[in-house]
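Welcome! Please take a moment to look over the sequence and the structure, and then read on for a short tour.

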Amino acid sequence: MDINAIERQSSTPGLISGTMLVIATVVGGGMFSLPIAMAGVWFPGASVILLFIAIMMLLTGLMLVEVNLHYGAGASFNTFTQDLLGRKWNIVVGIAFGFVLYILTYAYISGSSAVMAQTVFKYSGVRFPANISVVIVSMLVGAIAWYSSLLVGRITTVLIIGKFIAFFATFSGLVGHIEVAKLVDSVAVALPNSQYLPYILMTLPFCLASFGYHGNVPSLMKYYGKDPKTIVKCLVYGTLLALVLYTVWLLGTMGNIPRPEFIGIAQQGGNIDVLVQALSGVLNSRSLDLLLVVFSNFAVASSFLGVTLGLFDYLADLFGFDDSAVGRFKTALLTFVPPIIGGLLWPNGFLYAIGYAGLAATIWAAIVPALLARKSR
């Protein structure tokens with residue numbers, strides 16, 4: 001083997017790197033919406049729906065890999081749709097993609113500010129008004145994004161590591177309190193008028209958003225080159241691990257909070273702090289309460305920074321802003337001002353925003369990959 005080939009092989013990321021990219025993209029603050037959105041179908045139904053959506057989204061991800069193999073490294077949705085489906089579809093996908101990034105940025109501003117306010121109040125007794133929390137969180141993340149994309153990446157890496165450590169520590173505490181009667185909803189099952197089927201459709205957008213890693217397929221092609229076997233393994237392993245983590249999370253939440261209590265959680269807006277507070281109230285454990293707070297902060301912060309960086313880069317490319325301090329300031333304004341306004345007007349819209357993001361993501365994560373694959377063949 002020649003020297004250049006050895007260097008290329010040594011510089012290629014391992015399978016774990018690509019798998020973790022998929023996991024880090026999908027497993028984040030959005031998982032807090034799953035127990036609330038899927039409370040209607042409860043744990044048995046939720047497990048089946050998650051499995052079905054995971055398989056479907058994996059298939060569309062594999063279709064994108066197939067399409068991407070016809071293009072060079074760096075080609076993305078814009079290139080695919082423009083070339084294979086034409087300008088009209090490219091506009092539709094661009095609008096849907098921008099909408100998803102904006103609505104998720106708003107969702108994580110809402111979620112982050114709520115979690116921050118709850119954490120500060122719990123450990124200092126100081127209560128921040130919702131609008132103040134929104135501004136503080138947005139300015140902090142905006143300053144990080146403006147300063148350097150590299151800084152965002154480094155902070156996100158630390159947060160992701162902390163998120164998964166806190167997740168497994170939290171679940172190890174939750175599992176000891178799981179009650180089978182709550183998990184199978186035995187009280188409601190015994191009633192003649194208990195219903196689950198009518199709630200299936202409302203769960204789908206949240207499940208779709210929970211497996212929306214399709215924007216990472218071009219990135220994986222950049223990492224590994226035209227090595228479909230490795231990329232396919234990354235998607236398969238990433239999807240399976242995400243499915244396991246989501247199932248574990250539903251097991252821990254639905255096994256501790258009775259189904260009727262989720263009505264009250266949803267009526268309070270379904271924001272992250274409400275779910276964390278409900279779990280804390282049920283478990284009545286100071287150490288587990290601390291783990292929940294740490295996990296919620298890490299999960300939301302890592303997702304917030306990741307989505308923000310995606311929107312920041314997308315807008316910079318779309319409007320042609322350069323990478324100077326002034327150019328990045330313009331991009332930061334365009335990135336954060338609309339979601340901040342949304343956060344000030346509707347501070348508790350986390351659950352609804354995740355649902356809308358899932359609906360819009362259906363276009364470029366479920367429909368368009370199939371059309372692209374068919375056209376490329």
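## I341, a partly exposed residue

I341 has a relative accessibility of 46%, so it counts as partly exposed: that class lies between the buried limit of 20% and the exposed limit of 50%. You can find I341 in helix α17. Keep in mind that the model you are viewing is predicted.

## The nonpolar patch on the surface

I341 also belongs to a nonpolar surface patch of about 870 Å². Its partners there are W146, Y147, F329, L333, V337, L345 and W346.

Which helix gives the most to this patch? That is α17, with 5 residues. Helix α17 spans 325–345, and α7, spanning 130–147, is likewise a source of at least two patch residues.

## Two helices side by side

Now turn to helix α2, residues 15–26, and helix α12, residues 217–224. These two pack with their axes 11 Å apart, at an angle of about 165°. Angles over 145 degrees count as roughly antiparallel, and α2 and α12 are therefore roughly antiparallel to each other. Is their crossing left-handed or right-handed? For α2 and α12, the crossing is right-handed.

## L283, a buried residue

Our last stop is L283, which sits in helix α15, residues 272–283. Because its relative accessibility is 9%, L283 counts as buried; the limit for that class is under 20%.

How many ångströms separate the C-alpha atoms of L283 and Y224? The separation is 45 Å, for two residues that are 59 residues apart along the chain.

Key:
Residues are numbered from 1 along each chain as its sequence is written. This is a predicted model: local features need pLDDT of at least 70, side-chain atom pairs count only at pLDDT 80 or more; totals for chains, interfaces and linings use all residues. Side-chain values use heavy atoms; hydrogens and water are left out. Patches are made of residues with over 30% relative accessible area and no salt bridge: like charges are joined within 9 Å, nonpolar side chains (Val, Leu, Ile, Met, Phe, Trp, Tyr) within 5 Å. Accessible areas come from the Shrake-Rupley method with a 1.4 Å probe; for residues, only the protein chains shown count as cover. A salt bridge is a side-chain nitrogen of Lys or Arg within 4 Å of a carboxyl oxygen of Asp or Glu. Helices (H or I, at least four residues) and strands (E, at least two) are DSSP runs, numbered from the N terminus. Buried means under 20% relative accessible area, exposed over 50%, partly exposed in between (1.4 Å probe, protein chains only). Axes are lines fitted to C-alpha atoms, for helices over the stretch in contact, and angles run from 0 to 180 degrees between N-to-C directions. Angles under 35 degrees count as roughly parallel, over 145 as roughly antiparallel, 65 to 115 as roughly perpendicular and the rest as oblique. A crossing is left-handed if the near helix is turned anticlockwise from the far one by less than a right angle, and right-handed if clockwise.
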